[in-house]
Amino acid sequence: MADKKGIQKLDEKLIETGIIPEFLLGDLPLVHRKMNSILKKTGAVLSDEIFDTGNEALRKWLLTLHKQGASQEKLTGYLRCGLAHLNYDYIESQYRQIGIEDLVTRTLLSLKKRKLHATFFKPPQESVKPVKQDKTAPAKKAAASKKIVPIKKDDAAPKKAATKKAKTVKPTKAAPIKPKAAQPGNTAPKR
């Protein structure tokens, strides 16, 4: 979990560099509390797998806010702030001792290297345009069970042998066959 002094410094740098809009400064502690609650169970060292888990949990939370009507700009700012928090924790967990200034600088460099400083929150297509059910249209059948049941050889239908169509050949006038001329030295008995 990130310390408050370092996170405040990080927030100031995020706003100063234009990664996050200034009007979100008052909302950023909410994002950091959420990220701390997500990462609370991870322990001292933040691995790549835990980073990805935190990223997924952050996006699920943002999707919930999107469904509640939060603006695109606000959600993008929250996403960038949350990713910066994850980077901060990740870098902090890799060093035994590191100064706050150096930690914030490395976090910003990591964000830019991973191109996370320019990410935008994009809700899934399903939640953007809800499909309205036409009452006059026939109802769709329920999806088939996803459980796959193996077919026993005894139950399987016998396969039909593939049959090829014979090519029809048109009869043509054949040239008369000429008997081979007897060559000298090749004497064959006459019949």
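**Helix packing in a predicted all-helix model**

Good morning. I begin with one pair of helices: α2 and α3 are oblique to each other, a word used here for angles that are not under 35 degrees (roughly parallel), not over 145 (roughly antiparallel) and not 65 to 115 (roughly perpendicular). The structure is a predicted model, in which local features need pLDDT of at least 70 and side-chain atom pairs count only at pLDDT 80 or more, while totals for chains, interfaces and linings use all residues. Residues are numbered from 1 along each chain as its sequence is written, and side-chain values use heavy atoms, with hydrogens and water left out.

Let me set out the whole before returning to the pairs. The protein has six helices and zero strands; helices are DSSP runs of H or I with at least four residues, strands are runs of E with at least two, and both are numbered from the N terminus. Along the sequence the pattern therefore reads α-α-α-α-α-α. Of the 191 residues, 27% count as buried, that is, under 20% relative accessible area with a 1.4 Å probe and protein chains only, where over 50% is exposed and anything in between is partly exposed. Contact means heavy atoms within 4.5 Å. Among contacts between residues at least 6 apart in sequence, 75% join residues at least 24 apart.

Now to the opening pair. Helix α2 covers residues 28-39 and helix α3 covers residues 48-67; they pack at an angle of about 130°, with axes 10 Å apart. An axis is a line fitted to C-alpha atoms, for helices over the stretch in contact, and angles run from 0 to 180 degrees between N-to-C directions. Their crossing is right-handed, meaning that the near helix is turned clockwise from the far one by less than a right angle, whereas anticlockwise would be left-handed. On the α2 side, L30, V31, K34, M35, I38 and L39 meet I50, G54, A57, L58 and W61 of α3. By class, this contact has nine nonpolar, one polar and one charged residues. Here Ala, Val, Leu, Ile, Met, Phe, Trp, Tyr, Cys and Pro are nonpolar, Asp, Glu, Lys and Arg are charged, and the others, Gly among them, are polar.

One residue of α2 deserves a closer look, namely H32. Is H32 buried or exposed? H32 is buried, with a relative accessible area of 5%. Leaving aside residues up to four places away in sequence, H32 touches I7, D11, C81 and H85.

Next comes helix α4, residues 72-94, whose axis comes within 9 Å of that of helix α5, residues 100-113, and crosses it at roughly 120°. These two helices are therefore oblique as well, and α4 passes α5 in a right-handed crossing. From α4, the residues L83, A84, N87, Y88, I91 and E92 meet L103, V104, R106, T107, S110 and L111 of α5. This contact divides into seven nonpolar, three polar and two charged residues. Since 18 of its 23 residues are buried, α4 is largely enclosed by the rest of the structure.

Finally, helix α1, residues 4-16, and α5 have axes that come within 10 Å and cross at roughly 45°. That makes α1 oblique to α5, and the crossing is right-handed. The contact is made by K5, G6, K9, L10, K13 and L14 of α1 with I100, E101, V104, T107, L108 and L111 of α5. It divides into six nonpolar, two polar and four charged residues. Thank you.
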